[in-house]
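Visitor: Before we begin, I should like each descriptive term to be justified from the coordinates. May we go through the model in that way?

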Amino acid sequence: MLRERLSHLLKREQTKMNKTLTIKNLTVEVEGKPILKNLSLEIKPGEVHAIMGPNGSGKSTLAYVLAGHPKYTVTSGEIFYGEKNILALKPHERAKEGLFLAFQYPQEIQGVGFAHALYMMTKAQRNLTPKEFQAELKQAVQTLHQDTSFTQRQLNVGFSGGEKKKAEVLQLLLLKPSLAILDETDSGLDHDALELIGKTINQLRTPIFSSLIITHYPKLLQYLKPDVVHILVNGTIVASGKHELIEKIESQGYNWIKQ
Amino acid sequence: MNTLIVPEGTQHLVVQEIGEELIVEKNASCIWVDKPTANKNIKITLKENSQLKRIIINIDPKQYREEVTYILEGKKAKLQEKRLILTNHGENYNKIFVNHIGEETESDIQIRSIQKGNSRNTIHAFLKVEQSGTNASTNLNSQTLLVEKQSYAQVLPGLEILTANVKKARHAATTSNLDEAMIFYLTSRGLTEQEAKAMIVKGMVESLFEETTEVMPQVEQWLSSIQ
Amino acid sequence: MTQTISINEQYKEKYGFSVTDESIFKTAKGITEETVKEISKLKNEPAWMLEKRLHALKLFFSKPMPTWGGDLTKIDFNNITYYLRPTDKKAQSWEDLPEKVKETFDRLGVPEAERKFLGGVGAQYDSETVYHNLQEDLEKQGVIFTDTDSAVQKHPEIVKKYFGTIVPSADNKFAALNTAVWSGGSFIYVPKNVKVKIPLQAYFRINAKNMGQFERTLIIVDEGAEVHYIEGCTAPVYSSASLHSAVVEVIALKNAKVRYTTIQNWSGDIYNLVTKRAFAHENALVEWVDGNLGSKLTMKYPSVYLVGEGAKADILSVAFAGANQHQDAGGKVVHLASNTTSRIVSKSVSKAGGRTTYRGLVKIGKDAKNTKVNVRCDALLLDEQSRSDTYPVMQVEAEDALLAHEATVGKIGEEQLFYLTSRGLTEAEAMSMVVLGFISEFTKELPMEYAIELNKLMQMEMEDAVA
């Protein structure tokens with residue numbers, strides 16, 4: 001019984017292991033206006049990439065396009081995750097491939113219990129009994145220093161900014177994606193919450209977990225040290241590097257880029 | 001038919017008397033500050049990308065009856081109406097019909113009705129979005145304040161929405177009275193009860209209009225007769 | 001209505017409802033004074049009831065059809081059979097049932113026995129044991145729970161006292177029709193201070209008569225008493241009768257509490273025109289929980305007249321309109337006494353060309369001091385062809401009344417759908433989640449089994465919508 005479970009887990013992990021996110025020459029429009037221009041990016045399994053840039057540079061657009069938001073039109077380029085052509089998949093299919101987007105502005109859904117929604121979402125990813133779910137939920141809630149009443153509210157309804165971000169991370173913990181895209185998860189969080197979330201996500205790092213962190217301020221990156229840092233300006237990546245880029249932004253902002 | 005046409009492209013034309021019909025042509029914008037006279041039946045058509053802002057301030061009309069139809073015909077036409085009604089007595093009838101025909105049209109109707117004496121006011125405001133009115137946005141907010149015992153208010157806000165692709169369709173109607181708690185708070189600060197009531201009502205009026213200065217003296221006078 | 005096969009002898013004895021002579025009888029189509037007399041004679045009714053029927057018949061003929069509401073033009077009063085003896089109704093065969101009905105049973109997982117009953121094919125739905133234990137308990141407390149026909153025979157004093165006092169036959173054309181040809185319906189009397197713990201369900205004592213076309217229900221809850229009555233079910237119920245016109249009268253005396261839950265899912269081309277009204281006396285609470293899922297046209301506006309000080313009303317309504325359906329529903333509250341409060345919450349969903357209409361009335365009389373009313377009606381349109389209307393009327397004569405009313409109409413937000421599908425839910429699952437959330441205020445007031453069934457039904461509808 002145990003051996004079967006282990007080999008099943010290994011098999012699943014193995015298929016996930018080979019998944020590199022490859023974005024090639026991506027151009028994206030919204031209502032006829034181009035936002036991303038010829039963007040290319042590669043995230044190998046196990047890597048954490050950060051994307052920074054001034055407001056309006058297209059960071060959130062990249063996140064939305066990866067998740068498949070209907071409002072954004074890809075006019076050229078391709079996105080592959082492993083061998084799958086992501087652009088040909090609907091949002092729920094992309095989720096099943098292991099993609100997860102932590103929204104900057106999570107939607108409030110009236111009348112839907114948070115715990116119930118979590119259960120439905122988790123079941124969409126993997127088979128587990130209600131008991132197993134309850135156990136995982138309890139664990140995840142504790143990790144985020146919340147108590148169970150947190151999940152008894154309606155999905156995001158009346159949640160403060162910080163609570164909404166924590167709710168996104170809670171989903172991340174339960175859905176166990178292989179590619180987590182965090183869209184400005186740090187905005188609106190106080191110091192303690194930032195540290196908690198940074199450390200929590202950091203603990204998810206394995207050779208098969210990749211992450212794309214979109215952020216405007218370098219704070220979160222103290223806890224979640226990226227392997228590669230990109231700077232996005234006006235829809236294109238103008239610089240890529242390592243830690244030294246973050247330091248430059250911390251001390252000089254984005255002005256040095258605007259040539 | 002007494003028709004007033006605001007020519008294409010005209011910006012910020014201010015009108016006061018319009019007769020029975022008003023047409024705001026393409027790309028024109030118009031502000032209509034109403035000098036109300038009794039018994040009106042008006043039709044207004046807004047063409048593509050036109051805007052109409054209507055301000056109607058009715059202070060102590062003896063017997064008032066108005067029926068206005070707004071047809072938002074052209075794409076992106078915008079309507080805003082701000083209506084203040086202060087009545088002492090008599091039967092006052094307000095009928096508003098807003099019809100969204102064009103795409104992306106917007107309407108916002110704000111009504112504040114404050115009743116004294118034995119006034120009997122009816123507000124019949126009907127918002128309709130036709131199938132062609134995709135992405136239309138319509139909002140009605142009607143607040144009635146009954147200040148004295150013999151007043152009667154009748155509000156019939158209706159909504160008919162024939163397309164799912166409506167951006168926003170909402171109405172809210174409330175009737176209330178001068179809040180005891182608010183009055184107490186103000187009187188405990190040294191105002192007489194009359195002054196307190198007047199202050200609350202003025203607040204309601206001011207929150208409606210930015211452009212109240214001209215009208216305030218008349219409003220103040222009306223308020224001074226509140227018991 | 002449902003045409004059951006012959007009621008067997010055992011059933012008659014066990015249930016002990018008054019069943020008159022077994023002579024085969026069916027009124028001719030159309031309605032005349034003769035028809036009404038025959039119905040009354042068959043039921044062996046006392047003269048006072050026959051008189052009420054005849055008086056109502058005259059009113060029915062003289063009253064005009066309502067010009068508002070749904071489209072009633074296709075009702076042909078002359079082509080309806082107004083009374084069918086249960087033993088005489090031909091058995092419907094399972095094969096004759098519409099495909100859609102059978103399919104829905106499948107998808108909802110309705111048990112075999114129930115299917116036949118709901119389809120009007122099988123023998124009585126077997127709830128004997130439950131019913132008998134219940135009856136014993138109720139008798140001990142002095143609670144009367146029977147069908148209205150029996151009540152006329154066994155408790156004429158009570159019936160005479162209250163019948164027609166809340167909905168007089170002159171009220172509207174369909175109330176007049178019902179008063180003339182009514183048959184079946186529930187009669188409940190709860191004595192002072194008795195709190196009935198378990199909900200009384202129509203189907204406990206259901207027999208062919210009850211789910212009739214012209215049910216007359218009368219519920220009297222005496223001072224300090226409490227009861228919850230439930231009727232209908234979420235699974236589609238097939239009826240061959242095209243006009244259903246019921247009248248429900250509820251009297252909640254001082255300090256009483258009544259909740260009346262209805263879920264209607266008539267399958268077929270049915271006009272469902274119902275008058276439901278309650279009087280709430282001093283400090284009483286009346287709750288209408290009203291679900292409208294089926295029928296071709298439903299016109300129903302549960303109302304509460306708050307006639308005693310401190311009385312409260314709560315009206316929760318859900319309407320779902322699919323293709324070729326028009327749900328014209330809402331609620332009415334009339335405040336005639338001081339310190340009364342009321343709330344109306346209406347949620348409607350339309351898809352595939354269905355039309356939902358909210359019609360409401362809030363009336364606050366001059367002498368009703370310190371009234372508080374809250375009305376919220378929201379409509380969800382799922383696709384291009386659907387339609388939603390809202391026609392509220394507010395009449396306020398008391399200057400210290402606080403009334404807040406809000407209505408919104410819209411569709412499921414694209415952003416909401418994207419958020420949920422990005423989490424792995426299919427589009428149908430996401431829409432389902434949002435719609436269930438939308439009607440959750442209503443669903444959480446339903447007993448568990450109903451809530452579960454309603455949720456399943458909604459999910460099915462969403463799957464169909466997306467397909």
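**Terms and their grounds**

Guide: Let us begin with a pair of residues in chain A of this predicted model: the bridge partner of A:Val30 in E4(A) is A:Tyr72.

Visitor: What makes strand E1 and strand E4 of chain A a pair?

Guide: Two strands count as paired when DSSP finds at least two bridges between them. Strand E1 (residues 21-30) and strand E4 (residues 72-81) of chain A are joined by eight bridges, in the antiparallel sense. Eight bridges satisfy the requirement of at least two, and therefore the strands are a pair.

Visitor: Which strands form the open sheet of chain A, and in what order?

Guide: The sheet has four strands, arranged as E2-E1-E4-E5 in chain A, with antiparallel pairing.

Visitor: Why are E2 and E5 of chain A said to stand at the edges?

Guide: Strand E2 (33-43) and strand E5 (84-85) of chain A each have a single partner strand, so one side of each lacks a neighbour in the sheet.

Visitor: Which helix packs on this sheet, and at what angle to E4(A)?

Guide: Helix H2 (residues 59-67) of chain A packs there, touching E1, E2 and E4 of chain A. The direction of helix H2 of chain A makes about 70 degrees with that of E4(A).

Visitor: How many residues take part in the contact of chain A with chain C?

Guide: On the chain A side there are 23 residues, in contact with 18 residues of chain C. Two elements of chain A, helix H3 (91-96) and helix H4 (114-125), give two or more residues each to that side. The largest share, five residues, comes from H4(A). By class, the chain A side has 13 nonpolar, eight polar and two charged residues.

Visitor: What are the domains of chain C, and how do they meet?

Guide: The domain assignment gives domain 1 (9-300) and domain 2 (414-467) of chain C. Their contact takes 11 residues from domain 1 and 10 residues from domain 2 of chain C. On the domain 1 side, helix H4 (99-108), strand E9 (257-264) and strand E12 (285-292) of chain C each supply at least two residues. That side of domain 1 of chain C divides into seven nonpolar residues, three polar and one charged.

Visitor: What describes chain C as a whole?

Guide: Chain C has 13 helices and 21 strands. Of the 467 residues in chain C, 54% are buried.

Visitor: Is C:Glu282 buried or partly exposed, and how do you know?

Guide: A residue needs 20 or more other C-beta atoms within 10 Å to be buried, and 12 or fewer to be exposed. C:Glu282 has 19, so the residue falls in between and is called partly exposed. C:Glu282 lies in the loop between strand E11 (271-280) and E12 of chain C. Apart from neighbours within four places in sequence, C:Glu282 is in contact with C:Lys254, C:Gly308, C:Glu309, C:Gly310 and C:Ala311.

Visitor: Why is B:Thr187 called partly exposed?

Guide: B:Thr187 has 15 other C-beta atoms within 10 Å. That count lies between the limits for exposed and buried, and therefore B:Thr187 is partly exposed. B:Thr187 is found in helix H1 (residues 180-187) of chain B. Not counting residues up to four places away in sequence, B:Thr187 touches B:Glu193 and B:Ala196. The C-alpha atoms of B:Thr187 and B:Lys168 are separated by 41 Å, the two residues being 19 residues apart along the chain.

Notes:
Residues are numbered from 1 along each chain as its sequence is written. Chains are lettered from A and ligands numbered from 1 in the order in which they are written. This is a predicted model: local features need pLDDT of at least 70, side-chain atom pairs count only at pLDDT 80 or more; totals for chains, interfaces and linings use all residues. Two residues are in contact if their C-beta atoms, placed from the backbone, lie within 7 Å. Ala, Val, Leu, Ile, Met, Phe, Trp, Tyr, Cys and Pro count as nonpolar, Asp, Glu, Lys and Arg as charged, and the others, Gly among them, as polar. Axes are lines fitted to C-alpha atoms, for helices over the stretch in contact, and angles run from 0 to 180 degrees between N-to-C directions. Domain bounds come from an automatic or database domain assignment.
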